[in-house]
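Please examine the sequence and the three-dimensional model shown below. The paragraphs that follow lead through its main features, beginning with a term that the description requires.

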Amino acid sequence: MSKNKKLVPKRRFKEFQNSDAWEQRELGEVVQITMGQSPLGSNYTENPSDYILVQGNADMKNGKVFPRIWTTQVTKTAEPDDIILSVRAPVGDVGKTDYNVVLGRGVAGIKGNEFIYQLLSKMKSNSYWGKYSTGSTFDSINSNDLKEANICIPSTNEQVQIGSFFRNLDQTIAFQQRKLEKMKAMKSAYLSEMFPAEGERKPKRRFPGFTDDWEQCELGDVVRTSSFKLYLSEARGSGKYPVIQQGDNPILGFSNNKPFERFEDVVLFGDHTLSLYKPAHPFLVATDGLKILSIDGFDNNFLYSLLEKYMPESEGYKRHFTILKSSKISFPQNIDERVLIGRFFTSFDQTIAFQQQKLEKLQNIKKAYLNEMFI
């Protein structure tokens, strides 16, 4: 079999299954590339009437340019529908622009079709640009790296059909992303309305039948904390009890060591950067800076919602447990009201988790198709 015969993707639309093999080219031979050049810092503005400046992936959100900063100086530019690719850490992030934009030195503008955009997305997900790492703490690629990147492309007609397929898939993913963001925004609104505002003793929104004033105090006056640690070497075996750690995926492994007798409390990870976890089963711990929080008469559902509401936010410093303890909190005197509020937000969290899983499934489907429909 000749070398060219190998340049065929695993998955191909039926009408192209007997078509020619894909052609290997360099990216710069196929598209027009414009490397960015940053304007002078003195020309940066916050005026949306000025030119939109794109400096890097911070200026892109969900695959689109998201205006964040503007400039009065025009250096290098990109037009609507152009592809924007990050050429400085993190290298390879891609998006599209719906605007005329000025390109900073952290990005390049590429005039390419939907097929090229999806191809660049695949190159990013497959760590193609990692081989250009300079060995420094700040990776980047230059004009030659980008122009000489090896790609494989089919006929124009096949490019169009592949591009259309992925555009539709991206629209489905974007719809699911918006749905998830809407659910999170709704939860945030309910947290604001179902807990009293500062200085108030009653919330704006309440379950029927409850009229009493809420209690007010500092969290540290009522919360109990316990700190625990299990060495990581004990955490990676098999067993019936989950071992939890700090992070987006808190279950590290399983163990048959004796679990904590109480597991209905809320776990607070980290003294300096706080995150919450609500265990559903007896558990073991494999992390430093972890505390088990409990308040008599509070089930973990209500306590979790209470902490989400009053967890301090600040741009000037990271959230810290000592700051959390001094937070002014309010809670209903009636245990039944606490239970109802806890159940309400638990149900909300389950819906959000379901929508998150749907989004991740769609993203994984896209990744699989990218690997099968491109070379």
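A residue is called buried when its relative accessible area is under 20%, exposed when that area is over 50%, and partly exposed in between. R11 has a relative accessible area of 39%, and therefore belongs to the partly exposed class. The coordinates discussed here come from a predicted model.

R11 is a suitable place to begin. This residue lies in the segment that precedes β1, the strand formed by residues 23-26. Which residues does R11 touch, when those up to four places away in sequence are not counted? They are Y369, E372 and M373. The last of these contacts joins distant parts of the chain, for R11 and M373 are 362 residues apart along the chain, yet their C-alpha atoms are separated by 5.1 Å. Over the whole chain, among contacts between residues at least 6 apart in sequence, 67% join residues at least 24 apart.

The overall composition may be stated next. The chain contains eight helices and 22 strands. Of its 375 residues, 41% count as buried.

The nonpolar interior can now be considered. The largest nonpolar core has 40 residues, and those touching the most other members are L27, L85, I116, L120, W129, L146 and F374. Strands and helices both contribute to this core: β2 (32-35), β9 (83-86), β12 (107-111), α2 (114-125), β13 (150-153), α4 and α8 each supply at least two residues. I116 illustrates the connections in detail. Once neighbours within four places in sequence are left aside, I116 is in contact with L27, V30, V31, I83 and I151. Another core, of 26 residues, lies apart from the largest one, and its members include M194, I295, I329 and F331.

The packing of the helices follows. Two packed helices are described by the angle between their axes and the distance between the axes. For helix α4 (residues 156-194) and helix α8 (residues 335-373), the axes come within 10 Å and cross at roughly 165 degrees. An angle over 145 degrees counts as roughly antiparallel, and α4 and α8 are therefore roughly antiparallel to each other. The residues that form the contact of α4 with α8 comprise 21 nonpolar, seven polar and seven charged. The crossing of these two helices, α4 and α8, is left-handed.

How do the axes of α4 and α6 cross, and at roughly what angle? The axes of α4 and helix α6 (residues 300-310) come within 10 Å and cross at roughly 95 degrees. This angle makes α4 roughly perpendicular to α6. On the α4 side the contact is made by K187, L191 and S192, and on the α6 side by S305, E308 and K309. By class, one of the residues in the contact of α4 with α6 is nonpolar, two are polar and three are charged.

Helix α6 also deserves attention for its surroundings. Nine of the eleven residues of α6 are buried, so this helix is largely enclosed by the rest of the structure. The buried residues are N300, N301, F302, L303, Y304, S305, L306, L307 and Y310. S305 thus appears in both descriptions, as a buried residue of α6 and as a participant in the contact with α4.

Several loops complete the account. K202 is found in the loop between α4 and β14 (215-218). With a relative accessible area of 41%, K202 is partly exposed. Residues up to four places away in sequence being excluded, K202 touches P196, T211, D212 and D213. K202 and W214 are twelve residues apart in sequence, and their C-alpha atoms are 6.1 Å apart in space.

Two further loop residues have positive phi values without being glycine. N62, in the loop between β5 (60-61) and β6 (64-65), has a phi of about 50 degrees. N62 is exposed, with a relative accessible area of 53%. D81 lies in the loop between β8 (76-78) and β9, and its phi is near 80 degrees. Is D81 buried or exposed? At 60% relative accessibility, D81 counts as exposed.

Finally, the loop between β9 and β10 (94-96) contains P90. The peptide bond from A89 to P90 is cis, with omega near -5 degrees.

Methods: Residues are numbered from 1 along each chain as its sequence is written. This is a predicted model: local features need pLDDT of at least 70, side-chain atom pairs count only at pLDDT 80 or more; totals for chains, interfaces and linings use all residues. Side-chain values use heavy atoms; hydrogens and water are left out. Axes are lines fitted to C-alpha atoms, for helices over the stretch in contact, and angles run from 0 to 180 degrees between N-to-C directions. Helices (H or I, at least four residues) and strands (E, at least two) are DSSP runs, numbered from the N terminus. Angles under 35 degrees count as roughly parallel, over 145 as roughly antiparallel, 65 to 115 as roughly perpendicular and the rest as oblique. A crossing is left-handed if the near helix is turned anticlockwise from the far one by less than a right angle, and right-handed if clockwise. Ala, Val, Leu, Ile, Met, Phe, Trp, Tyr, Cys and Pro count as nonpolar, Asp, Glu, Lys and Arg as charged, and the others, Gly among them, as polar. A nonpolar core is a set of buried Ala, Val, Leu, Ile, Met, Phe, Trp, Tyr and Cys residues joined through side-chain atoms within 4.5 Å. Buried means under 20% relative accessible area, exposed over 50%, partly exposed in between (1.4 Å probe, protein chains only). Contact means heavy atoms within 4.5 Å.
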